[in-house]
Amino acid sequence: MLIALGVTGGIGAYKAVEVARGLQKRGHDVVAVMTAAAARFVGPITFEAITRRRVVLDQFEPGANAGIEHIALASTIDLLLVAPATANAIGKLANGIADDALTTLYVATRAPVLLAPSMNSQMFAHEAVRKNLDALAARGVRFVEPGEGYLACGWIGKGRLAEPEEIVAAAESILQPAGPLRGRRVLVTAGPTLEDIDPVRFIGNRSSGRMGFAIAAEAARRGAEVALVAGPTAIPPPPVGEVVRVRSAAEMHREVLARADDADVVIMAAAVADYAPAGPAGQKMAKTDGPITLALRPTPDILAELGNRRVAAGRGPVLVGFAAETGDLLARAAAKRARKRADLIVANDVSRSDAGFDVDSNEVTIIGPDGAAPLPLQGKDRVAAAILDRVERMLAGTPATSPQPFVEPDRG
Ligand code: CTP
């Protein structure tokens, strides 16, 4: 989602930097819109570096008006968040005064508006400010209440800008319709891993990342906090909370293990290499006349390790694995489920041209504790939805972001 972060000239402006970071961590794109007074408190370059976008400072800046910037932005943002919102800014917004980029954006946009007021407590209590706040509330503007406590001006009272996490949470609750996976952490892997032979050659596989990306995107749409660990892919990953790029099975192992304890669900959709060159050459290997032999060592089996850890701890995330097979699909997949101690295995016949690797569709069978459920050939986004429906049923009745009690699947 694209959020315009309005920053006005209050001492709380420095906290807006943390707000921008918090929004980005949750996968949102942020464009900062600063008033002239705000730029006296925090340098625009700070916001530019963090948001990686040009900061909107002046609506009449030469070059900014080819697309009439405040109108172009007004129609593309999903939320206008103003933090801190000073008494002056609140007064202008309440009265439709549009004398700078931020106030003009407010009048021009139809996106939801969230204000985080910040001012001296006497100002906050003043009738003029109260009236302006009431007028904005009557128009559907929402607020993050300022906190009570010590104010920068030396007063004790209500007026201090709410904490950045609170502001980010308020923004999220507006942006994210309350989905069934809200409050759940979902860790997804996607794509292939590449195992280097020498500086220019590697062993890889045909996984495109599409299936894992579809699962990550669907989990985020359902309100989950998503971490995506992805091997090298040609297609871009979806904008979820955290995207970690890895290359090899060893890197994927490290990044997944670092996050698995905090996850409610781990979905291993990546096609992890089973073997890596035992000693990758430091220099490009020269051609020889005869055949050569490459020594390979097994990579760590990430899913099996998570499964074993869960058995040892007696609790852990819901575990979903994939089984890419070219024959004897169901028997091999069921055996994999038992061997890796996973809750669900998504079995996938990758010998077909319309399912599996590098196509948009897939035909899978979900194997769970209650048997095998075949799904029709359909788009990977629909397959992702079906997998998450099953995961939701497994999570039902357990508290959010806490490890799930583990019942060992039947062996065999
Ligand atoms: N997997 C893993 N770590 C590995 C290899 C595989 O976590 N080193 C995961 C995959 O992400 C997938 C599942 O295990 O979710 C099954 O992968 P697959 O390659 O089909 O199974 P293998 O264990 O490699 O078994 P085989 O190659 O004998 O079919």
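Why is helix H5 (residues 87–95) largely enclosed by the rest of the structure? Let's start there and then work outward. One thing to keep in mind as you look around is that this is a predicted model.

Helix H5 counts as largely enclosed because seven of its nine residues are buried. You can pick them out one by one: Ala-87, Ala-89, Ile-90, Gly-91, Lys-92, Leu-93 and Ala-94. A residue is called buried here because its relative accessible area is under 20%. What do the buried residues of H5 pack against? Their partners are two strands, S3 (79–85) and S4 (113–117), together with helix H6 (101–108), helix H7 (121–125) and helix H8 (127–138). If you follow the chain just past the end of H5, you arrive at Gly-96, which takes a positive phi of about 70°.

Now for a contrast with that enclosed helix. Arg-52 sits in the loop between H3 and H4, and with 75% relative accessibility it counts as exposed. Along the chain, Arg-52 and Ile-90 are 38 residues apart, and 27 Å separates their C-alpha atoms.

The same loop is a good place to meet the salt bridges. Arg-53, in the loop between helix H3 (44–51) and helix H4 (69–76), pairs with Asp-29 in strand S2 (residues 29–34). The closest N and O atoms of Arg-53 and Asp-29 are 3.0 Å apart, so the pair meets the 4 Å limit for a salt bridge. This bridge links distant parts of the chain, with the two positions 24 residues apart. Are its two ends buried, exposed or partly exposed? Arg-53 is partly exposed, at 30% relative accessibility, and Asp-29 is also partly exposed, at 33%.

Other salt bridges look rather different in their surroundings. Asp-198 and Arg-201 form one in which the closest N and O atoms are 2.5 Å apart. Here Asp-198 is buried, with a relative accessible area of 3%, whereas Arg-201 is partly exposed, with 34%. Arg-254 and Glu-255 make another, with their closest N and O atoms 3.5 Å apart; Glu-255 is buried, at 17% relative accessible area. Elsewhere, salt bridges join up into a network that links Glu-218, Arg-221, Arg-222, Asp-389 and Glu-392. How many salt bridges are there in the model? The count comes to 21.

Not everything on the surface is charged, as the next stop shows. Ile-11, Tyr-14 and Phe-41 make a nonpolar surface patch of about 340 Å². To find Ile-11, look in the loop between strand S1 (2–7) and helix H1 (15–25).

Our last stop is the ligand. Which residues are closest to it? Of the 18 residues that surround the ligand, the closest are Met-268, Asp-274, Phe-322, Lys-336 and Lys-340. Polar backbone atoms of the protein also come into play. One of them, in Pro-300, is 2.9 Å from a nitrogen atom of the ligand. A polar backbone atom of Leu-303 is 2.8 Å from an oxygen atom of the ligand, and a polar backbone atom of Phe-322 is likewise 2.8 Å from a ligand oxygen atom. On its own, the ligand has 580 Å² of accessible area, and the protein covers 83% of it.

Notes. Residues numbered from 1 in each chain as written. Predicted model: local features only at pLDDT ≥ 70, side-chain atom pairs only at ≥ 80, totals over all residues. Heavy atoms only, no water. Salt bridge = Lys/Arg side-chain N within 4 Å of Asp/Glu carboxyl O. Helix = DSSP H or I, 4+ residues; strand = E, 2+ residues; numbered from the N terminus. Buried < 20%, exposed > 50% of the residue type's maximum accessible area, 1.4 Å probe, protein only. Contact = heavy atoms within 4.5 Å. Patch = residues over 30% accessible without salt bridge, like charges linked within 9 Å, V, L, I, M, F, W, Y side chains within 5 Å. Areas by Shrake-Rupley, 256 points an atom, 1.4 Å probe, with all protein chains shown as cover. Near = heavy atom within 4 Å. Polar contact = N/O pair within 3.5 Å; in protein donor to acceptor, adjacent residues only side chain to side chain.
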